[in-house]
Structures are given as structure tokens and as C-alpha cells.
Amino acid sequence: MKQEKTFIAAAGIIIGVISAALVFFGNPVNMGFCIACFLRDTSGALGLHSAAAVQYIRPEIIGLVLGACIAALAGKEFKARGGSAPVTRFTLGVFVMIGCLMFLGCPFRMILRIAGGDGNALFGLFGFALGILIGVFFLKRGYTLKRSYKMPWAEGAIFPAVQIAFLILLAAAPAFIHFTEPEGGPGAKHAAILISLAAGLIVGVLAQKTRLCMVGGIRDLVLFREYKLIIGFAAIILSALAANVILGTVTGTAYFNPGFAGQPIAHTDGLWNALGMMLAGFGCVLLGGCPLRQLVLSGEGNTDSAVTVFGLMAGAAFAHNFGLASSGEGPTANGKIAVVIGLVVVAVIAVLNSRKQEA
Amino acid sequence: MKTVDARGLSCPEPVILTKNAFVSKEKEYQVLVDNVTAKENVSRFAVHQGYQVTVKEQGEDFVLHIRK
């Protein structure tokens with residue numbers, strides 16, 4: 001038990017350092033990793049949305065899924081599973097993404113933004129924790145999407161295979177794949193493919209082995225007084241923070257900039273930062289894990305999680321096609337409406353799938 | 001002996017079902033799960049609650065015997 005906690009703390013430290021290093025190697029600031037942003041960029045590269053500033057097949061995502069897949073195969077944990085309310089999970093994925101793009105980051109980027117000194121992310125964290133508490137309320141009242149079942153091996157292998165296809169498309173770069181023009185926005189800022197891929201692979205293996213989950217930390221603490229996952233969460237913040245300070249000292253460019261205004265790929269609307277992450281936190285509890293965890297599970301052959309990731313990608317496409325995603329200037333009116341609709345839809349899903357259990 | 005079937009359920013439902021079952025204060029429980037994460041999570045929770053856990057593999061599933 002103690003060993004488990006040491007392992008996840010060590011993994012968190014490594015992940016924090018890798019996240020800071022990815023910014024050094026070319027990723028957007030405070031975006032060493034961002035599952036929401038990276039899935040959004042990949043959606044854009046595939047032409048599912050046409051926001052020219054955010055189109056790139058992110059190798060970190062490919063690495064995360066394949067790293068988790070390799071770790072699961074090596075540990076004899078790869079099992080094709082599915083059939084637990086896939087359409088509900090897809091819908092939750094869509095709205096989790098809309099919440100993340102209101103805030104401008106998934107829970108993973110939220111903690112990297114905190115580690116970069118972005119005070120706006122603290123409003124996000126507050127909303128995120130609140131969303132988790134609402135989710136826990138329903139879990140205690142018997143919320144469940146019912147069980148999954150064994151699936152044919154090939155069914156579980158499709159999602160990892162799709163990642164290999166993405167890698168080929170990235171390397172071959174055919175004309176029908178959209179890439180943000182140089183200096184054209186966050187999509188143009190990325191580390192070299194092999195560095196991003198290696199970073200994803202390492203974090204994928206570590207996340208699979210440790211069951212790291214950004215939503216699970218606060219959730220398990222509240223539900224069971226269980227500290228394991230929140231140790232990973234805290235270790236990433238502290239280690240990314242330390243790595244940012246060290247990188248700043250060594251390179252002379254500040255990686256840690258405490259403040260609220262002018263933070264990279266962020267806005268200062270505290271209320272909507274909080275509400276966006278509240279939607280994300282609530283939705284993720286109902287899904288059983290944060291976007292990072294969904295990627296890892298899909299690498300383990302969990303097709304319900306694969307469907308969730310497709311939902312996240314579709315949500316990103318909706319967010320940019322309908323003008324729901326925030327920008328550095330702040331949230332959009334459409335985005336605010338979508339987040340409110342999202343909170344209602346997620347609450348209805350929570351109510352309809354909850355039943356009081358007999359003790 | 002009370003049996004909890006938590007196979008196929010998402011996190012953290014297997015632990016919640018186990019926690020709810022413990023309310024009946026029986027001496028022995030059997031919890032069925034079908035993945036390593038749930039096995040670890042239920043075992044950890046039961047041990048924290050002062051139970052002893054032994055795990056048996058049964059085909060694709062794990063059977064957790066939980067005793068005071």
C-alpha cells in the first residue's frame with residue numbers, strides 16, 4: 001500500500017518534469033499536456049472543425065494510448081470490454097469537452113496552468129472540485145451506467161490501431177490533413193514529433209501502471225478518505241512548478257509567471273472558468289475518470305472509454321464549429337449557453353441513472 | 001456470506017458497492033470484479049477498514065474473499 005503511494009508520487013514527479021520540458025521543446029506555454037486541447041487539435045487536423053489556429057495531430061495523444069496499451073499487454077491487463085451505455089458516455093464526452101474549452105484546458109492542463117502561475121486556473125480548480133462533489137452526491141445515490149461486458153479482442157484493438165493510423169497520417173502529412181500554418185496559433189506550437197511521441201509513451205505507461213486520474217484524486221478523498229490518486233495529482237503540480245522555476249532560471253525566459261491577466265491561452269473570467277470546469281468535473285465523475293484516464297482505458301481495450309474519446313473529439317468539433325470555445329479574450333455568448341445546457345444535460349443523465357441501493 | 005457482483009462496473013462503483021455491503025457488518029464477504037484496477041481498489045479499501053483479503057482468479061474474473 002505504501003509502495004503504491006511512493007510509486008504514484010514518483011510517477012507524478014516524472015510527469016510534471018516531462019510536461020514542463022515539452023513546453024521547452026516547443027509546445028504552447030502551460031500546455032506540455034492538455035488532453036482536451038490535443039484532441040481538439042487532432043479533430044481540427046482531420047477537418048472535423050475548421051479553426052485554422054488549432055489543427056495538428058498531437059503525437060502525445062498517440063503515445064498516451066499506445067503507451068497504456070503496451071503497459072496493459074505487458075501486464076496481461078489488456079481486455080476488450082464494452083457495452084456500458086455507450087451513447088450516454090459519448091454525450092458526456094461531448095459536454096465534458098465543451099466545459100474544458102470554456103476553461104481552455106482539461107483537468108491535466110488545469111494543474112499545469114496552476115504550476116505556471118496562472119491564477120485563473122484556481123477558479124477552474126474550485127469549479128472542478130464543486131463538479132466532483134456533485135458527481136459524488138449521485139454516486140452515493142447509486143448512480144451507475146451499468147456493467148460492461150467482454151468483447152472480441154479485435155474490438156478492443158481498434159482504438160489503438162486508429163492511433164497508429166493517426167501517426168502515419170502525421171508523418172505522411174497528405175494534403176487533406178490540416179496543419180496550422182507556422183505562427184498561425186497554438187496548433188503551430190509543438191515539440192518535434194519523436195519528442196512528443198516519446199513523452200506520450202512514457203506518461204501512458206506511468207498512467208496505466210499507477211491508474212493516475214485527475215478527477216479520481218478529489219473523488220476518492222471525499223468518498224473513501226483514500227489519498228492515493230490525489231498524491232499523483234499533487235506531485236504533478238509540485239514537480240511541474242519546480243521544473244518551471246528551474247527552466248526559467250536556466251534559460252532566462254520565465255516559465256513561472258504568477259498573475260491573472262495576460263496568461264497564455266487563458267482568459268480572466270473567473271465565473272466561467274469555474275463553471276466550465278464544474279461541468280468537466282461533474283461529467284468526468286459520471287464517466288468514471290478524467291480525459292487522460294479515458295485515453296489510458298481505451299488503450300487497455302475499454303471500448304466504452306474509446307467511445308467517450310470519440311465524444312470528446314466530436315465535442316471539440318461542435319465547440320469550434322458553433323463558436324462555443326473561449327479564447328484569450330474570454331468566453332463567448334454561445335459558449336455560456338452551451339455550458340448551461342451541458343450542466344442541465346449532465347444533471348438529467350445523473351438523475352436518470354441513479355437509484356437508491358438497498359443496503 | 002454476502003456476495004457483491006461488481007464485474008464490469010466503472011470506477012469507483014466496485015468500492016462503493018463494497019462499502020455499502022459492509023454496513024451489514026457480516027464476518028465474511030465475497031466480491032467479484034473483472035479487472036485489476038477494481039481488484040486493487042476494493043482490496044485497499046477493505047484492508048483500510050480492517051478486513052483481510054485473499055484473491056482468487058476465476059477465468060476472466062477475480063474473486064475477493066474478505067474476512068474480519
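**Helix 1 of chain B.** I began with helix 1 of chain B and noted that Glu13(B), Pro14(B), Val15(B), Ile16(B), Leu17(B), Thr18(B) and Ala21(B) are buried in it. I keep in mind that this is a predicted model. The helix runs over residues 13–22, and with 7 of its 10 residues buried I recorded it as mostly covered. I then looked up what does the covering: from chain A the cover includes helix 6 (120–140) and helix 9, and from chain B it includes strand 1 (2–5), strand 2 (28–33) and helix 2 (36–48).

**The contact between the chains.** Since helix 9 of chain A appeared in that cover, I turned to the contact of the two chains, where 22 residues of chain A meet 19 residues of chain B. On the chain A side, the elements that supply two or more residues are strand 2 (149–150) and helix 9 (214–224). Helix 9 of chain A gives the most to this side, and I noted its share as 5 residues. By residue class, the side of chain A that touches chain B divides into 7 nonpolar, 7 polar and 8 charged residues.

**Chain B as a whole.** I went through the secondary structure of chain B and recorded 2 helices and 4 strands, which follow one another along the sequence in the pattern β-α-β-α-β-β. For the overall dimensions, I noted that the C-alpha atoms of chain B fill a box of roughly 30 × 20 × 20 Å along the principal axes. The radius of gyration of chain B is 10 Å, which agrees with the value near 11 Å for a compact globule of 68 residues. Of those 68 residues, 43% count as buried. I also looked at the sequence separation of the contacts in chain B: among those between residues at least 6 apart in sequence, 61% join residues at least 24 apart.

**Backbone entries.** As a reminder to myself, most residues other than glycine have a negative phi, and most peptide bonds are trans. Against that background I checked the bond from Cys11(B) to Pro12(B) and found it cis, with omega near -5°. Pro12(B) sits in the loop between strand 1 and helix 1 of chain B.

In chain A I noted two residues with positive phi. Asn30(A) is not a glycine and yet has a phi of about 60°; its place is the loop between helix 1 (2–24) and helix 2 (35–45) of chain A. I asked myself whether Asn30(A) is buried or exposed. Asn30(A) counts as buried because 31 C-beta neighbours lie inside 10 Å, where 20 or more are needed.

Lys76(A), also a residue other than glycine, has a positive phi near 55°, and I located Lys76(A) in the loop between helix 3 and strand 1 (81–82) of chain A. With 8 other C-beta atoms within 10 Å, Lys76(A) is exposed, since the limit for that class is 12 or fewer.

**Helix packing in chain A.** Having met helix 3 of chain A beside that loop, I looked up its packing against helix 8 of chain A. Helix 3 (residues 59–74) and helix 8 (residues 193–210) of chain A pack at an angle of about 40°, and their axes are 6 Å apart. That angle makes helix 3 of chain A oblique to helix 8 of chain A. I recorded the crossing of helix 3 and helix 8 of chain A as right-handed, and the residues of their contact as 19 nonpolar, 6 polar and 2 charged.

Definitions and conventions. Residues numbered from 1 in each chain as written. Chains lettered and ligands numbered in written order. Predicted model: local features only at pLDDT ≥ 70, side-chain atom pairs only at ≥ 80, totals over all residues. Contact = placed C-beta atoms within 7 Å. Nonpolar A, V, L, I, M, F, W, Y, C, P; charged D, E, K, R; others polar. Axes fitted to C-alpha atoms, helices over the stretch in contact; angles between N-to-C directions. Parallel < 35°, antiparallel > 145°, perpendicular 65-115°, else oblique. Left-handed = near helix turned anticlockwise from the far one by under 90°. Rg over C-alpha atoms; globule rule 2.2 N^0.38 Å.
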